[in-house]
Amino acid sequence: HPAEERLVPFSVVPDPVPLPELLAIALMQRPELAERRVAIRQAFLELSAAKVLPFSPNVIVGLSAGSFGGGSNIVTTEPRFGSFSSREDIDVVAYWTAQNMGVGNVALIRLAASHTRSAKLEQLEVLNRVRSEVAHAFVRKQTFYDKMLLAEKAMPVGVRALALDFQRVKGGVGLPIELLDSFRLTNQARFDYLDAIVGYNQAQLDLYVALGQPPADVLARPVPTTGVRPSTIDKK
């Protein structure tokens with residue numbers, strides 16, 4: 001059962017927000033684009049590491065410490081081992097590596113550069129897909145909004161025509177078939193209005209998802225002074 005008694009337009013994304021601003025919001029909110037940005041940064045880091053690898057040494061540091069002492073097996077008046085004292089040793093080794101006399105390093109640099117270009121192309125592909133989804137949902141929202149306006153204007157006209165045809169039939173001037181046809185048109189206008197509201201609400205949700213489900217403060221805008229009045233159509 002529906003929670004509300006009447007179906008009303010539900011504006012998740014305010015209508016005053018223009019398409020360029022919506023695209024900018026999607027670029028900041030969509031997780032796919034954030035993932036692509038991280039992948040590009042990772043590819044650049046790999047490229048930088050491949051370039052500096054021949055010039056960066058590998059360093060090995062070793063530290064040993066302990067106590068050392070000695071004694072004699074001839075002199076028995078003293079302990080066999082004695083004269084202990086501490087000793088610390090530090091060893092540092094640094095070496096450079098050139099893979100295949102530098103040819104292998106050039107290949108690593110080219111491979112990292114290729115990964116960087118691939119990451120940029122993948123980001124462009126995701127960016128175009130996000131733009132297309134936002135633009136498509138925005139157009140659908142505007143289309144159903146216009147349909148709501150037209151259906152809202154058509155409903156009073158149909159109701160008035162139905163009343164006039166009913167008076168004509170009662171007065172013996174009109175035919176019953178005219179009243180039935182007017183009733184059919186009025187009922188169709190009501191269904192068109194209902195379908196427009198449903199389509200508008202669905203397009204609003206699609207647009208909100210296409211934007212990456214941004215927080216409310218990002219979409220906050222002043223309430224418009226004109227718009228579609230709540231529908232009087234019962235959802236039952």
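**View 1. Tyr-145, a buried ring in this predicted model.** Tyr-145 has a relative accessibility of 19%, and since the cut-off for buried is under 20%, it counts as buried. Its place in the fold is helix α3, which covers residues 103-170.

**View 2. Tyr-200, the partner ring over in α4.** Here the relative accessible area is just 1%, so Tyr-200 is buried too. The helix around Tyr-200 is α4, running over 176-210.

**View 3. Tyr-145 and Tyr-200 together, as an aromatic pair.** Search the whole structure for aromatic pairs and you get 1. That pair is Tyr-145 with Tyr-200, at 6.0 Å centre to centre and with 45° between the planes. How is this geometry classed: stacked, edge-to-face or tilted? It goes down as tilted, because the angle is neither under 30 degrees nor over 60. With one ring in α3 and the other in α4, the pair ties together parts that are 55 residues apart in sequence.

**View 4. Helix α1 and its buried side.** Zoom in on residues 19-29 and you'll find Leu-22, Ile-25 and Ala-26 buried. Why do they share a side of α1? Because they cover an arc of only 100° around the axis. Flip to the other side of α1 and you meet Pro-20 and Met-28, both exposed.

**View 5. What the buried residues of α1 pack against.** Their packing partners are four helices: α2 (31-52), α3 (103-170), α4 (176-210) and α5 (216-219). For orientation, the elements follow the pattern α-α-β-β-α-α-α along the sequence, with 5 helices and 2 strands in the protein. Of the contacts between residues at least 6 apart in sequence, 80% join residues at least 24 apart.

**View 6. Burial and surface across the protein.** Out of 236 residues, 26% are buried. The accessible surface is about 16,400 Å², and carbon and sulfur atoms account for 61% of it.

**View 7. Confidence, from α1 to the stretch 230-236.** Mean pLDDT is highest in α1, at 88, and lowest in α5, at 76, among the elements of the protein. Over residues 230-236 the pLDDT drops below 50, although this stretch has 21 contacts in the model beyond near neighbours in sequence. Where pLDDT is low, don't read the predicted coordinates in detail. For the protein as a whole, the average pLDDT is 81, and 88% of the residues score at least 70.

Terms used: Residues are numbered from 1 along each chain as its sequence is written. This is a predicted model: local features need pLDDT of at least 70, side-chain atom pairs count only at pLDDT 80 or more; totals for chains, interfaces and linings use all residues. Side-chain values use heavy atoms; hydrogens and water are left out. Buried means under 20% relative accessible area, exposed over 50%, partly exposed in between (1.4 Å probe, protein chains only). Contact means heavy atoms within 4.5 Å. Accessible areas come from the Shrake-Rupley method with a 1.4 Å probe; for residues, only the protein chains shown count as cover. The arc is that of the directions from the helix axis to the C-beta atoms. Rings of Phe, Tyr and Trp (its six-membered ring) pair if their centres lie within 6.5 Å; planes under 30 degrees apart count as stacked, over 60 as edge-to-face and the rest as tilted. pLDDT is the predictor's confidence in each residue, from 0 to 100.
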